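Open the model in your viewer and keep the selection tool at hand. This tour goes from stop to stop, saying what to select and what is there.

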Amino acid sequence: MTTIKKSIRKLNAKIITTCIIGFALSYYAYYVELAKEENDLYEAVCDINEHISCTKAFSSKYGKGFGIISETSLLYAPNSIYGLMFYLLVAILSISNKYVTSALVVILEICANLGTLYLAYILYKLSNICLVCVSLYLVNVVLLTLAVKKQRKLYRNSGTNKKKGSK
């Protein structure tokens, strides 16, 4: 196995591991939201005080549909559901070592990081710090970094293969 293939395999493992972390955090967010809906007295581990509260973020009007999707829409769901689907999709797509698929993952990650900026601004507006949310923001930055590294390696590797094939 070539050094580039080993490097790409390691990047895939890092991307999938990071997706598992993002998936677990999203699942916890979903669990907290459901628990709070069932029992108003429920207190999540991430609820430290009035200004450091995951529940406050999840139960705000921005906690479902990102605060922009209409409540009557079929797409209106807790943001954590979108997170679960997103991290699963990125993990599945990252298994492929095709340049086009890698480019799609980079585009998805750029969109996720733009969403991160939006949601971080919302937390600022709410005067709140959500530890789970901030952790997910970090996961998204790490995933974007890894996805770009993988795409660059695939690009360089495809250039190397073309040169070998033309001789």
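Select the lining of the largest pocket and colour it by class: 21 residues are nonpolar, nine are polar and one is charged. Bear in mind that this is a predicted model. The lining has 31 residues in total. To find the middle, pick F66, N79, G115, L119 and Y137, which lie nearest the pocket centre. The space in this pocket comes to about 660 Å³.

Now show the helices around the largest pocket. Two or more lining residues come from each of α1 (3-38), α2 (54-58), α3 (79-95), α4 (99-125) and α5 (131-166). Which element gives the most to this lining? Select α4: its share is nine residues.

**The cavity**

Next, look for enclosed space. The model has one cavity of 30 Å³ or more. Its volume is about 40 Å³. Select I15, L93, S94, S96, T101, S102, V105, A147 and K150 to see the lining of this cavity. Here α3, α4 and α5 each supply two or more residues. Again α4 gives the most, this time with three residues. Colour the cavity lining by class, and you get four nonpolar residues, four polar and one charged.

**K125**

Move to K125, which sits in helix α4. Is K125 buried or exposed? Neither label fits: K125 is partly exposed, because its relative accessible area of 47% falls between the 20% limit for buried and the 50% limit for exposed. Show side chains and add Y62. A polar contact of 3.5 Å joins the side chains of K125 and Y62. Then select L41. It is 84 residues from K125 along the chain, and the two C-alpha atoms are 25 Å apart.

**The annotated spans**

Finish with the UniProt record. An unreviewed entry there places the feature "domain: Vitamin K epoxide reductase" at residues 8-151. Select that span: 70% of it is helix and 0% is strand. How far apart are its end C-alpha atoms? They lie 9 Å from each other.

The unreviewed UniProt entry also lists "transmembrane region" at residues 12-31, 74-93, 100-120 and 126-148. Select residues 12-31. This stretch is 100% helix and 0% strand, with 28 Å between its end C-alpha atoms. Then select residues 126-148. That span is 78% helix and 0% strand, and its end C-alpha atoms are 32 Å apart.

How values were computed: Residues numbered from 1 in each chain as written. Predicted model: local features only at pLDDT ≥ 70, side-chain atom pairs only at ≥ 80, totals over all residues. Heavy atoms only, no water. UniProt positions renumbered as here; feature names shortened; annotations may be inferred. Helix = DSSP H or I, 4+ residues; strand = E, 2+ residues; numbered from the N terminus. 1 Å grid on protein atoms, 1.4 Å probe; cavity = no way out; pocket = protein on both sides within 12 Å on 5 of 7 lines; lining within 4 Å. Points joined across faces, edges and corners; volume = space filled by probe spheres on them. Nonpolar A, V, L, I, M, F, W, Y, C, P; charged D, E, K, R; others polar. Buried < 20%, exposed > 50% of the residue type's maximum accessible area, 1.4 Å probe, protein only. Polar contact = N/O pair within 3.5 Å; in protein donor to acceptor, adjacent residues only side chain to side chain.
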